[in-house]
Amino acid sequence: MGMEVDCQPEDLSRCLYEERCVELGEVKDMRLEAEAVVNDVLFAVTDMHVSHSLSSGLDVAYINVETREGNRYCLELTEAGLRVVGHGFDQVDEELSSQYHETVYSLLDSLSPGYREAFGNALLQRLERLKQNGH
């Protein structure tokens with residue numbers, strides 16, 4: 001059964017990469033996945049970047065995020081999903097056992113009302129543009 005992938009031109013390299021992984025049965029490189037996550041939601045947070053001081057690899061990557069409320073988190077990205085592992089940039093607290101979220105949208109939605117508002121506003125603007133273009 002084929003997997004249908006809907007891509008924007010700027011996402012083409014990521015989609016082609018993901019298709020190649022699916023076809024070859026390779027493990028996704030979490031560093032590349034983390035960059036894609038950051039690019040997807042950067043518009044709705046104050047700051048977000050892949051950690052340079054925590055080591056990332058094929059199976060794990062760390063992302064620092066500052067919400068619009070000014071709260072800072074360190075997120076862990078693995079095949080299991082995303083979860084908060086620290087309450088500050090580049091911090092991993094082994095005692096913290098937060099739940100995994102399947103998507104960055106779900107995780108940020110649970111952490112930040114400002115993210116929810118920014119995401120909702122962006123969606124409304126896009127719908128308005130579609131309406132104006134007669135779609």
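# Working chat on a predicted four-strand, four-helix model

Of the 135 residues of the protein, 36% count as buried, where buried means under 20% relative accessible area, exposed over 50% and partly exposed in between, with a 1.4 Å probe and protein chains only.

Q: What kind of model is this, and how are residues numbered?
A: The model is predicted: local features need pLDDT of at least 70, side-chain atom pairs count only at pLDDT 80 or more, and totals for chains, interfaces and linings use all residues. Residues are numbered from 1 along each chain as its sequence is written, and side-chain values use heavy atoms, with hydrogens and water left out.

Q: How many helices and strands does the protein have?
A: There are four helices and four strands. Helices (H or I, at least four residues) and strands (E, at least two) are DSSP runs, numbered from the N terminus.

Q: In what order do the elements run from the N terminus on?
A: The order is α-α-β-β-β-β-α-α.

Q: How are the strands arranged in the sheet?
A: The four strands make an open sheet in the order β1-β2-β3-β4, with antiparallel pairing; two strands pair if DSSP finds at least two bridges between them. β1 (47-50) and β4 (81-86) stand at the edges with a single partner strand each, so one side of each has no neighbour in the sheet. From one strand to the next, the twist averages 25°.

Q: How many bridges are there between β2 and β3?
A: Six bridges pair β2 with strand β3 (residues 72-78) in the antiparallel sense. Among the partners, A61 is matched with L77 of β3, and I63 with L75 of β3.

Q: What lies between those two strands in the hairpin?
A: The hairpin of β2 and β3 has five residues between the strands, and G70 takes a positive phi near 90° there.

Q: And how do β3 and β4 connect?
A: β3 and β4 form a hairpin with two residues between them. Five bridges join this antiparallel pair, and L77 has L82 as its bridge partner in β4.

Q: Is β3 mostly covered or uncovered?
A: β3 is mostly covered, since six of its seven residues are buried.

Q: Which helices pack on the sheet, and which strands do they touch?
A: Helix α2 lies across β1, β2 and β3, running at about 165° to β1. Helix α3 (residues 104-111) packs on the sheet as well, touching β1, β2, β3 and β4, and its direction makes about 40° with that of β4. Contact means heavy atoms within 4.5 Å; axes are lines fitted to C-alpha atoms, for helices over the stretch in contact, and angles run from 0 to 180 degrees between N-to-C directions.

Q: What span should α2 have, and what is found?
A: At 1.5 Å a residue, the 12 residues of α2 (residues 30-41) should span 16 Å, and the end C-alpha atoms are 17 Å apart, which agrees. The expected span is 1.5 Å times one less than the number of residues.

Q: Which residues of α2 are buried?
A: Those buried in α2 are M30, E33, A34, A36, V37, V38 and V41. An α-helix has 3.6 residues a turn, so residues three or four places apart point the same way.

Q: What happens at the start of α2?
A: A side-chain oxygen of D29 comes to within 2.9 Å of the backbone nitrogen of R31. A polar contact is a pair of N or O atoms within 3.5 Å; within protein, one must be able to donate a hydrogen and the other to accept it, and residues adjacent in sequence count only if both atoms are side-chain atoms. The side chains of D29 and R31 also meet in a salt bridge (3.1 Å, N to O).

Q: Are D29 and R31 buried or exposed?
A: D29 is buried because its relative accessible area is 13%, whereas R31, at 40%, is partly exposed.

Q: How many salt bridges are there?
A: The count comes to five salt bridges, each being a side-chain nitrogen of Lys or Arg within 4 Å of a carboxyl oxygen of Asp or Glu. Among them, E76 and R83 meet at 2.8 Å, N to O, and both residues are buried. In another, the closest N and O atoms of R116 and D109 are 3.7 Å apart; R116 is partly exposed at 41% relative accessibility, as is D109 at 32%.

Q: Changing topic, where is E66, and what does this residue touch?
A: E66 is found in strand β2 (residues 61-66). Leaving aside residues up to four places away in sequence, E66 touches V45, T46, D47, N71, R72 and F89. E66 counts as buried because its relative accessible area is 16%.
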